[in-house]
Amino acid sequence: MSGVSARSLAKGSAPPGPVPEGLIRVYSMRFCPFAERTLLVLKAKGIRHEVININLKNKPEWFFKKNPLGLVPVLENSKGQLIYESAITCEYLDEAYSGKKLLPEDPYEKACQKMIFELFSKVPSLVTSFLRRQNKEDCSGLKEELHREFSKLEEVLTNKKTAFFGGNSLSMIDYLIWPWLERLEALELNECVDHTPKLKLWMAAMRKDPTVSAVLIDVKAHKGFIDLYLQNSPEACDYGL
Amino acid sequence: MRFCPYSHRTRLVLKAKGIRHEIVNINLRNKPEWYYTKHPLGQIPVLETSQCQLIYESVIACEYLDDAYPGRKLFPCDPYERARQKMLSELFCKVPQLTKECLVALRCRRECTDLKVALRQEFCNLEEILDYQNTTFFGGDCISMIDYLLWPWFERLDVYGIADCVSHTPALRLWIASMKQDPTVCALLTDKSIFQGYLSLYFQNNPNAFDFGLC
């Protein structure tokens with residue numbers, strides 16, 4: 001799909017034109033785990049889309065008209081409708097586009113996926129805290145917390161006795177969780193899944209999924225981005241291009 | 001629990017959709033041991049079906065009820081309009097914690113000027129939405145899910161002692177007035193003196209607070 005490996009737009013760039021009919025646009029950033037959720041859903045559902053990458057260290061002024069919070073991902077359709085907050089974008093795409101439904105139709109099963117999502121909700125900020133840690137001493141506390149959160153997910157897989165969080169095939173909840181588990185290796189946090197064998201098996205199964213492997217970024221690229229990001233470099237978002 | 005704003009959301013949806021239900025109130029200061037089999041952390045609200053399915057988190061419970069039961073749909077059908085209601089719900093997300101902190105500060109006779117400034121700012125964000133849309137309710141000209149999700153905290157502004165936080169937001173005040181005319185909201189409105197009685201006992205750490213007003 002066009003744009004996914006394009007250089008990011010920064011301050012001073014011209015705002016993009018309207019979205020052509022038949023296409024949906026996602027404002028993204030190649031290394032952002034939240035935006036990755038949306039890219040996974042677009043790919044899984046085979047939705048025709050274009051990607052505009054945003055330099056999150058040097059945001060274009062016009063981007064705040066797309067999302068007043070200035071965050072990615074943001075969806076924009078040909079009617080000029082804007083949708084943001086990654087989970088909301090994913091649900092929107094599942095509802096608005098035909099084809100394989102990623103969320104279950106059954107109201108209770110759908111609610112279960114949302115309850116698992118809540119269970120996962122502390123992981124993103126823990127990973128960010130870990131990323132930003134100044135003092136190596138803080139690590140063991142954070143790693144402990146992360147390990148505890150992963151144990152909750154292990155319990156779900158144990159109780160359900162299924163390969164994936166929504167059952168025996170991959171569904172929305174798996175895509176929503178994946179981006180953070182993808183980054184464990186680059187962050188040297190693999191030990192946090194040492195005591196959660198089912199979660200480890202799930203990670204291996206996810207890597208085999210065609211959608212996940214199409215969107216996956218290798219460890220070296222993640223590390224390259226993280227290095228530049230921590231130095232607040234405006235080049236971070238375009239690492240590898 | 002009769003005075004919990006999160007449970008209030010679920011009770012509003014049950015009423016609005018005319019869903020037959022029974023209520024089991026939990027004493028939150030003295031939780032029954034069995035309650036942890038319904039929710040791992042012992043929180044409310046929790047829905048339980050006749051198939052023993054458990055659903056919790058107030059927003060998830062409300063969405064479940066709208067999906068699972070026929071009749072009037074509280075969420076719009078259009079995917080974009082549904083997404084908009086969810087984005088609005090995110091915009092509101094700091095309000096519950098802020099109103100609780102104001103309440104606690106006031107009851108403990110502490111300063112809460114900064115908290116009220118922060119709350120007013122959140123209300124300004126909501127005011128902007130109503131102004132931009134020029135509609136009576138957050139989802140359009142008819143009441144819908146998003147209005148019911150927000151309402152419980154606005155019903156409590158007066159009894160919490162922070163009704164002045166909407167002094168600069170006329171559209172929001174109009175919305176509050178319109179909400180008070182909705183039959184569902186009215187049916188569930190809690191009497192001010194009963195609420196105040198509950199709050200007094202609650203802040204005295206009286207475990208009977210939750211049953212204040214019952215015979």
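Reader: Where in chain B does B:Pro45 lie?

Author: This is a predicted model. The peptide bond from B:Ile44 to B:Pro45 is cis, with omega near 0°. Most peptide bonds are trans. As for its place, B:Pro45 lies in the loop between helix H1 (5-16) and strand S1 (46-48) of chain B.

Reader: In chain A, which peptide bond is cis, with omega near 5°?

Author: The proline of this bond, A:Pro73, is found in the loop between helix H2 (63-66) and strand S3 (74-76) of chain A. With omega near 5°, the cis bond is the one from A:Val72 to A:Pro73.

Reader: What is the phi of B:Glu57?

Author: Most residues other than glycine have a negative phi. B:Glu57 sits in the loop between S2 and H2 of chain B. Although B:Glu57 is not a glycine, its phi is positive, at about 85°.

Reader: How many residues of chain B are in contact with chain A, and what area do the two chains bury?

Author: On the side of chain A, 17 residues take part, and 17 residues of chain B are in contact with them. Of the area buried between the chains, 70% is on carbon and sulfur atoms. The total for chain B and chain A is about 1600 Å².

Reader: Which three residues supply 33% of the area that chain B buries against chain A?

Author: No other three residues of chain B supply more of that area. The three are B:Ile60, B:Tyr80 and B:Met87.

Reader: Which element of chain B gives the largest share of the side that touches chain A?

Author: Across the interface there are five residue pairs in polar contact. On the side of chain B that touches chain A, strand S2 (54-56), helix H2 (58-68) and helix H3 (79-91) each supply at least two residues. The largest share is seven residues, and it comes from H3(B).

Reader: How many residues on that side of chain B are nonpolar, polar and charged?

Author: The side of chain B that touches chain A can be sorted by class. One residue is polar and six are charged, while the nonpolar residues number ten.

Reader: Which two chains does the pair of A:Lys114 and B:Glu63 join?

Author: Side chains of opposite charge can pair when their charged atoms come close. The whole structure has 25 salt bridges over all chains. A:Lys114 lies in helix H4 (residues 107-120) of chain A and B:Glu63 in helix H2 of chain B, so the pair joins chain A and chain B.

Reader: What is the N to O distance in that salt bridge of A:Lys114 and B:Glu63?

Author: The count of salt bridges between chain B and chain A is five. In the one where the side chains of A:Lys114 and B:Glu63 meet, the distance from N to O is 2.9 Å.

Reader: How many residues apart in sequence are the parts that A:Phe34 and A:Trp180 tie together?

Author: The structure holds 25 aromatic pairs over all chains. A:Phe34 and A:Trp180 form an edge-to-face pair, 4.9 Å centre to centre with 75° between the planes. A:Phe34 lies in helix H1 (residues 33-44) of chain A and A:Trp180 in helix H7 (residues 172-182) of chain A, so the parts tied together are 146 residues apart in sequence.

Reader: What share of residues 78-201 of chain B is helix?

Author: UniProt lists this span as "domain: GST C-terminal" in an unreviewed entry. Its end C-alpha atoms lie 45 Å apart. Strand makes up 0% of the span, and helix 72%.

Reader: How far apart are the end C-alpha atoms of residues 22-101 of chain A?

Author: In UniProt, the annotation "domain: GST N-terminal" (unreviewed entry) covers these residues. The span is 34% helix and 20% strand. Its end C-alpha atoms lie apart by 20 Å.

Methods:
Residues numbered from 1 in each chain as written. Chains lettered and ligands numbered in written order. Predicted model: local features only at pLDDT ≥ 70, side-chain atom pairs only at ≥ 80, totals over all residues. Heavy atoms only, no water. Contact = heavy atoms within 4.5 Å. Buried area = accessible area lost by both parts, 1.4 Å probe. Salt bridge = Lys/Arg side-chain N within 4 Å of Asp/Glu carboxyl O. Polar contact = N/O pair within 3.5 Å; in protein donor to acceptor, adjacent residues only side chain to side chain. Helix = DSSP H or I, 4+ residues; strand = E, 2+ residues; numbered from the N terminus. Nonpolar A, V, L, I, M, F, W, Y, C, P; charged D, E, K, R; others polar. Phe/Tyr/Trp six-rings, centres within 6.5 Å; stacked < 30°, edge-to-face > 60°. UniProt positions renumbered as here; feature names shortened; annotations may be inferred.
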